[in-house]
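Work through the exercises below with the sequence and the model side by side. Try each task before reading its solution.

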Amino acid sequence: MGRAVYVGAAVEVAAPPEQVFALLTDWARQREWMFLTSTRQVAPDAVEAYTGVWPVGFMDTMTITRWEPPELVVMEHTGRLVRGRGAFRVRALGSGSRVIWTEELLAPFGALGRAGWPLVRPAAKAVFRHSLRKLAALAAAGRRT
């Protein structure tokens, strides 16, 4: 993959893995929890996500490379700006779940992107944590209804 950069976050969710995985991979609902992102499935093994506020943002195209419900989905980012791998892993944890979101990406803008990554990484991690907390709240609310 070349010289990749990494980011990840995890959250505990008060809902069973099957329910969490279903919400996590309901691409149309990702806008409810993923920060500034709208996602749609464009083929059985492909999704695209727009992150930003139009017209400032970017399209992220992805191919699903592993699909193991209710535990794992792995995506290959194939867009012009975002390239690399991402994964959502759901593990049973007591009566709930633990969700782990990881990304291994080729930094855009080559050496400049890699050099700037230490400045960008804390913000990316904060966005991941914020998004996962929203996912956890949605899943827990769904469990109560």
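The exercises start with the whole chain and then turn to two residues; the model is a predicted one.

**Exercise 1. The fold in outline**

State how many helices and strands the chain has, and in which pattern they follow one another along the sequence.

Solution. Begin by counting the elements, which gives two helices and seven strands in the chain. Next, read along the sequence and write down each element as it comes, which yields the pattern β-α-β-β-β-β-β-β-α. The radius of gyration is 15 Å, close to the 15 Å that the globule rule gives for 145 residues, so the chain is as compact as a globular protein of that length. As a last step, take the principal axes, along which the C-alpha atoms fill a box of roughly 45 × 30 × 30 Å.

**Exercise 2. Inside and outside**

Determine what share of the residues is buried, what area the chain exposes, and how the charges are placed.

Solution. A residue is called buried when its relative accessible area is under 20%, and buried residues make up 39% of the 145 in the chain. Turning to the surface, the chain exposes about 8,200 Å², of which carbon and sulfur atoms supply 59%. For the charges, take the mean position of the 19 positive ones and that of the 12 negative ones, and these two points prove to be 7 Å apart. Finally, consider the contacts with a separation of 6 or more, where residues 24 or more positions apart account for 50%.

**Exercise 3. The surroundings of Ser 97**

Locate Ser 97, decide whether it is buried or exposed, and find what its side chain reaches.

Solution. Ser 97 lies in strand β7, which covers residues 96-106. Its relative accessible area is 1%, so Ser 97 is buried. The side chain of Ser 97 reaches the backbone oxygen of Ala 15 at 2.7 Å. Setting aside residues up to four places away in sequence, Ser 97 touches a number of others, among them Val 11, Pro 16, Val 20 and Val 90.

**Exercise 4. A residue in a loop**

Find where Gln 30 lies, whether it is buried or exposed, and which side chain it meets in a polar contact.

Solution. Gln 30 belongs to the loop between α1 (17-24) and β2 (37-43). Its relative accessibility is 3%, and therefore Gln 30 counts as buried. The side chain of Gln 30 makes a polar contact with the side chain of Thr 39, at 2.9 Å. Apart from neighbours within four places in sequence, Gln 30 is in contact with Leu 24, Thr 37, Thr 39 and Phe 88.

Methods:
Residues are numbered from 1 along each chain as its sequence is written. This is a predicted model: local features need pLDDT of at least 70, side-chain atom pairs count only at pLDDT 80 or more; totals for chains, interfaces and linings use all residues. Side-chain values use heavy atoms; hydrogens and water are left out. Helices (H or I, at least four residues) and strands (E, at least two) are DSSP runs, numbered from the N terminus. The radius of gyration is taken over C-alpha atoms; the globule rule is 2.2 Å times the number of residues to the power 0.38. Buried means under 20% relative accessible area, exposed over 50%, partly exposed in between (1.4 Å probe, protein chains only). Contact means heavy atoms within 4.5 Å. Accessible areas come from the Shrake-Rupley method with a 1.4 Å probe; for residues, only the protein chains shown count as cover. Lys and Arg count as positive and Asp and Glu as negative; His and the chain ends are not counted. The place of a charge is taken as NZ of Lys, CZ of Arg, CG of Asp or CD of Glu. A polar contact is a pair of N or O atoms within 3.5 Å; within protein, one must be able to donate a hydrogen and the other to accept it, and residues adjacent in sequence count only if both atoms are side-chain atoms.
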